[in-house]
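User: I should like to learn how pockets, helices and salt bridges are read from a model. Could we take them in turn?

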Amino acid sequence: MLNLRVKSINYEAVDINRYELVDVDGKDLPGFVAGSHIDVHVQGKYIRQYSLCNDPRETKRYEFAVLNVKGGRGGSAAIHEGIRVGDVIKVSEPRNNFKLSSDANRHLLIAGGIGITPLMSMLEDLSANSRSFELHYCCRSSDRAAFKERLNELDGNGQIHFHFDNGNLNESLSVSELLKQHPEGTHLYYCGPTGLMAAIAEACTGWPAGTVHCEHFVAPVVDKPAIEGTFQIKIASTGQTLPVPPELSIADVLKSAGIECETSCEAGLCGTCRTRYLEGEPDHGDYILDDDEHSQYLTVCCSRSKSEMLVLDL
């Protein structure tokens with residue numbers, strides 16, 4: 001964990017503030033790559049994940065932006081109302097579940113509202129390395145669009161497009177039209193509210209595997225069958241076997257047994273609780289690990305088991 005000082009807080013758009021963090025002694029911070037996020041600990045009560053939105057080449061600061069979600073779970077309001085310039089707050093080192101592909105020769109990015117935040121570091125990286133990109137940024141209105149000045153500076157060849165629908169769906173970006181074809185060598189990256197995420201996911205179903213990348217702020221709403229039956233987990237280092245009943249997660253059981261298990265989002269979105277397994281067949285419930293990672297890891301906050309026993313590398 002890092003204890004960092006809040007150097008500045010800036011207004012970015014309606015209900016969106018940008019926070020700049022620096023080392024208390026002015027030292028370099030752990031490096032990060034485009035698409036990374038940090039866990040921010042707020043008032044000893046909340047842990048929330050926020051994307052780093054500054055240039056990854058910068059070594060002295062982290063920046064993240066927060067939308068004050070009315071009627072949310074309380075984390076964003078606690079940051080807006082409780083964090084002040086000069087405060088020292090606890091954050092994790094950067095992690096990345098949303099990386100730019102090194103194989104792409106063109107990058108297509110789509111953001112909705114505060115979903116622009118993980119894409120900002122990507123745009124900085126792409127621009128600095130003269131890589132081909134195009135951004136479509138969707139908002140209700142101009143005053144709700146964050147980073148407008150920085151985006152205009154990055155828009156060297158008219159490749160950044162703003163879409164303001166003013167509450168009229170007929171004026172919104174047609175993602176089905178934009179994504180109906182897959183230009184060879186193009187990779188897609190997107191982040192935004194639930195409705196936009198669902199529309200983009202449906203529109204790009206024909207794109208080749210491995211060319212579509214996204215980051216969710218909230219877990220998608222899907223119909224899941226009721227959880228039935230108990231399975232067992234085995235701790236590889238001790239041989240201890242523990243039952244996981246339907247009403248508890250693996251993480252719940254580990255914590256109850258006094259086994260260290262750090263969690264944060266508890267929805268399979270952040271990767272904090274990623275754990276290696278050695279035997280068994282998990283029923284994965286996350287939205288961040290790819291097929292290769294699923295062959296070795298599961299998220300214990302939301303995954304279950306298709307086999308009677310899972311052996312965890314703990």
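Analyst: A pocket is an open set of grid points with protein on both sides within 12 Å along at least five of seven lines, and its lining residues have an atom within 4 Å of a point. The model here is predicted. Its largest pocket holds about 1400 Å³ of space and is lined by 47 residues, of which Leu 67, Ile 114, Gly 192, Pro 193 and Phe 217 lie nearest the centre. Two or more lining residues come from each of strand 4 (46-51), strand 5 (62-67), helix 1 (75-82), strand 8 (133-139) and helix 5 (194-203).

User: What is the make-up of the lining of the largest pocket by class?

Analyst: The lining has 23 nonpolar, 18 polar and 6 charged residues. For the second largest pocket, with about 920 Å³ of space, the classes are 8 nonpolar, 9 polar and 9 charged.

User: Which element gives the most to the lining of the second largest pocket?

Analyst: Helix 7 does, with 4 residues. Among the 26 lining residues, Asn 97, Ile 288, Leu 289, Asp 290 and Glu 293 lie nearest the centre of this pocket.

User: How should one read the burial of a helix?

Analyst: An α-helix has 3.6 residues a turn, so residues three or four places apart point the same way. In this model, helix 2 (residues 117-128) spans 18 Å from its first C-alpha to its last, close to the expected 16 Å. Of its 12 residues, 9 are buried, including Leu 119, Met 122 and Leu 126. The cover over these buried residues includes strand 4, strand 5, strand 7 (106-112), strand 8, helix 3 (148-154) and strand 10 (186-191). After the helix comes Ser 130, with a positive phi near 55 degrees.

User: Where in the chain do the partners of a salt bridge lie, and are they buried or exposed?

Analyst: A salt bridge needs a side-chain nitrogen of Lys or Arg within 4 Å of a carboxyl oxygen of Asp or Glu; the count here is 15. Arg 18 and Glu 63 form one at 2.7 Å, N to O. This pair links strand 2 (residues 16-23) to strand 5, 45 residues apart, and both partners are buried. Another joins Asp 39 and Arg 95, with the closest N and O atoms 3.2 Å apart. Asp 39 lies in strand 3 (residues 37-42) and Arg 95 in the loop between strand 6 (88-91) and strand 7, so the bridge ties together parts 56 residues apart in sequence.

User: Why does Asp 39 count as buried?

Analyst: Buried means under 20% relative accessible area. Asp 39 counts as buried because its relative accessibility is 2%, whereas Arg 95, at 23%, counts as partly exposed.

How values were computed. Residues numbered from 1 in each chain as written. Predicted model: local features only at pLDDT ≥ 70, side-chain atom pairs only at ≥ 80, totals over all residues. Heavy atoms only, no water. 1 Å grid on protein atoms, 1.4 Å probe; cavity = no way out; pocket = protein on both sides within 12 Å on 5 of 7 lines; lining within 4 Å. Points joined across faces, edges and corners; volume = space filled by probe spheres on them. Nonpolar A, V, L, I, M, F, W, Y, C, P; charged D, E, K, R; others polar. Expected span 1.5 Å × (residues − 1). Buried < 20%, exposed > 50% of the residue type's maximum accessible area, 1.4 Å probe, protein only. Contact = heavy atoms within 4.5 Å.
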